[in-house]
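Thanks for sharing this one. Could you keep the model open beside these comments as you read?

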Amino acid sequence: MTMTVLETERLILRPLTGDDFDDYAAMMADPQVADGLAEPVGRSADDAWRSLAVFIGHREIRGYSHWAVVERATGEFAGRAGPWRPHGFPGLGVGWCLARAHWGKGYATEAARAAIAYCFAGLDADEVISVIRPGNTRSVSVAERIGHRLLREIDYKGGPALVYGQRRGESPHS
Ligand SMILES: CC(C)(COP(=O)(O)OP(=O)(O)OC[C@H]1O[C@@H](n2cnc3c(N)ncnc32)[C@H](O)[C@@H]1OP(=O)(O)O)[C@@H](O)C(=O)NCCC(=O)NCCS
């Protein structure tokens with residue numbers, strides 16, 4: 001199992017572990033967080049445990065997954081972000097999810113840029129996508145900031161979803 005750790009200007013991206021459960025469950029209990037997700041998940045601690053287990057298991061199966069996003073300055077758990085391709089997902093994706101206290105700092109954009117660079121360089125991807133619910137304007141803004149463009153609309157997990165993406169060599173808008 002890969003234990004890749006990435007460092008960005010303000011963040012450490014390190015593998016999620018079971019020790020993150022309390023922080024993870026607190027993040028997922030917030031309706032503002034849980035309601036925007038393309039992968040629907042409930043807000044209970046049981047739901048959070050299963051969700052965390054899926055991200056850890058994804059790393060076991062694929063060799064990569066979302067990392068824990070940790071704020072370098074404080075060591076605080078800020079959320080999760082990283083590459084993602086579970087069965088049935090429409091491509092190699094990058095995703096992002098932050099605890100409410102860490103919105104508005106640019107952390108999702110910073111983590112997503114590092115994750116995309118990892119997908120192209122470390123995973124040899126030709127295309128990296130993000131799958132976003134149409135009303136999730138904050139997430140759409142992240143996709144646009146990292147240079148993803150709208151590719152298509154799909155039905156995903158029982159509802160409409162926007163597929164944003166970027167091909168290898170396409171330069172980001174910003
Ligand atoms: C989607 C989500 C990660 C976006 O978080 P976010 O904080 O809005 O996005 P970023 O981390 O890129 O931060 C951008 C904001 O930080 C601000 N910012 C402050 N300091 C900054 C800095 N140093 N650098 C960059 N941006 C900075 C930007 O101006 C921008 O502000 P705005 O929201 O007023 O436009 C967050 O809303 C979330 O976790 N939602 C719930 C889960 C979810 O929906 N996930 C996506 C599923 S597809």
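The points below cover one strand, its partners and some salt bridges.

1. This is a predicted model, in which local features need pLDDT of at least 70 and side-chain atom pairs count only at pLDDT 80 or more, while totals for chains, interfaces and linings use all residues. Residues are numbered from 1 along each chain as its sequence is written, and side-chain values use heavy atoms, with hydrogens and water left out.

2. Let me begin with strand β3, residues 67-71 (strands are DSSP runs of E, at least two residues, and helices runs of H or I, at least four, numbered from the N terminus). Five of its five residues are buried (under 20% relative accessible area; exposed is over 50%, partly exposed in between, with a 1.4 Å probe and protein chains only).

3. β3 pairs with β2 (residues 11-15) in the antiparallel sense over five bridges (pairing requires at least two DSSP bridges). Four bridges join β3 to β4 (residues 77-84), also antiparallel. W67 stands opposite P15 and opposite A81 in β4. Five residues separate β3 and β4 in their hairpin, where G75 in the turn has a positive phi of about 75 degrees.

4. E71 is buried at 8% relative accessibility, yet forms a salt bridge with K105 at 3.3 Å (a Lys or Arg side-chain nitrogen within 4 Å of an Asp or Glu carboxyl oxygen). K105 lies in the loop between β5 and α4 and E71 in β3, so the pair ties together parts 34 residues apart in sequence.

5. R168 and D126 meet in a salt bridge at 3.9 Å, N to O. Shared partners join D124, D126 and R168 into one network.
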